[in-house]
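Please open the structure in a viewer and keep the selection tool at hand. The tour below proceeds from one selection to the next.

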Amino acid sequence: MRLEILKSALYNSWSADTCYPSYRKVWSPEKPNEHQCAVTALVVCHLLGGEILERKHKSGRAFYNRLPDGTTIDLSDQNCHEADGPERPRDPQELLRGHTKVRFKKLLDNLQQTLPPGIDLSSPV
């Protein structure tokens, strides 16, 4: 799957139900990517492989990806490169707990409805 297609589909798939729970009341379709970094990083890892990276910053934690070719990307555009903590790899299975697992599944469902026909999200890398 091309990154441009995935990024566009994510933009149309993020919702209040997929954002971090404590920010749902302030989530807005005008800025759908806000507070979506963990589930977005999980989806990217699921679909494209690579690893999930985490950095701490002044308002919490930021999650983003390193693809198998070494490219670092942040499809939620949460400026993870501006985080001030050290970068550390995260195990996706550790992140897939509680509300994050529910949000991840919801985002995959939303993506499946948004992507062009013929793209099957049930068969990851």
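Two strands are taken to pair if DSSP finds at least two bridges between them. With that in mind, note that the model shown is predicted, and begin with a hairpin.

**First stop: the hairpin of β2 and β3.** Select β2, residues 60-66, together with β3, residues 72-73. The two strands run antiparallel and are joined by two bridges. Five residues lie between them, and Gly70 in this hairpin takes a positive phi near 95 degrees. To see one of the pairings, select Asn65, whose bridge partner in β3 is Ile73.

**Second stop: the hairpin of β1 and β2.** Add β1, residues 51-57, which runs antiparallel to β2 and is joined to it by seven bridges. This hairpin has two residues between its strands. Select Glu51 and look across to β2, where Arg66 stands opposite.

**Third stop: the whole sheet.** Now show the four strands together. They form an open sheet with antiparallel pairing, in the order β3-β2-β1-β4. Its edge strands are β3 and β4 (88-90), each of which pairs on one side only. Three bridges connect β1 with β4 in the antiparallel sense, and Leu53 has Pro89 as its bridge partner in β4. Helix α2 packs on the sheet and touches β1, β2 and β3; its direction makes about 15 degrees with that of β2.

**Fourth stop: two helices.** Select α1 (3-11) and α2 (37-48). Their axes come within 12 Å and cross at roughly 145 degrees, and the crossing is right-handed. On the α1 side the contact is made by Leu3, Leu6 and Leu10, and on the α2 side by Thr40, Val43, Val44, Leu47 and Leu48. Classed by type, the residues of this contact are seven nonpolar and one polar, with no charged residues.

**Fifth stop: the loop between these helices.** Select His35, which lies in the loop between α1 and α2. Most residues other than glycine have a negative phi. His35, although not a glycine, has a positive phi of about 65 degrees. Is His35 buried or exposed? The answer falls between the two: His35 is partly exposed, because its relative accessible area of 27% lies between the limits of 20% and 50%.

**Sixth stop: the nonpolar core.** Which residues have the most contacts inside the largest nonpolar core? They are Leu6, Leu10, Val43, Val44, Ile52, Phe63 and Leu111, in a core of 27 residues. Helices α1, α2 and α4 each supply at least two residues of this core, and the largest share, ten residues, comes from α2. In soluble globular proteins, nonpolar side chains tend to be buried together.

From this core, select Ile52 and display its surroundings. Leaving out residues up to four places away in sequence, Ile52 touches several residues, including Ala41, Leu42, Cys45, Phe63, Tyr64 and Leu95. Arg88, Pro89 and Arg90 are also among the residues touched by Ile52.

**Last stop: a threonine in α4.** Select Thr100, which is found in helix α4 (residues 98-114). Thr100 counts as buried, because its relative accessible area is 11%, and the limit for buried is under 20%. Which residues is Thr100 in contact with, leaving aside its neighbours within four places in sequence? Display Val39, Leu42 and Leu95 to see these contacts of Thr100. Leu42 and Leu95 also appear among the residues that Ile52 touches.

Definitions and conventions: Residues are numbered from 1 along each chain as its sequence is written. This is a predicted model: local features need pLDDT of at least 70, side-chain atom pairs count only at pLDDT 80 or more; totals for chains, interfaces and linings use all residues. Side-chain values use heavy atoms; hydrogens and water are left out. Buried means under 20% relative accessible area, exposed over 50%, partly exposed in between (1.4 Å probe, protein chains only). Axes are lines fitted to C-alpha atoms, for helices over the stretch in contact, and angles run from 0 to 180 degrees between N-to-C directions. A crossing is left-handed if the near helix is turned anticlockwise from the far one by less than a right angle, and right-handed if clockwise. Contact means heavy atoms within 4.5 Å. Ala, Val, Leu, Ile, Met, Phe, Trp, Tyr, Cys and Pro count as nonpolar, Asp, Glu, Lys and Arg as charged, and the others, Gly among them, as polar. A nonpolar core is a set of buried Ala, Val, Leu, Ile, Met, Phe, Trp, Tyr and Cys residues joined through side-chain atoms within 4.5 Å.
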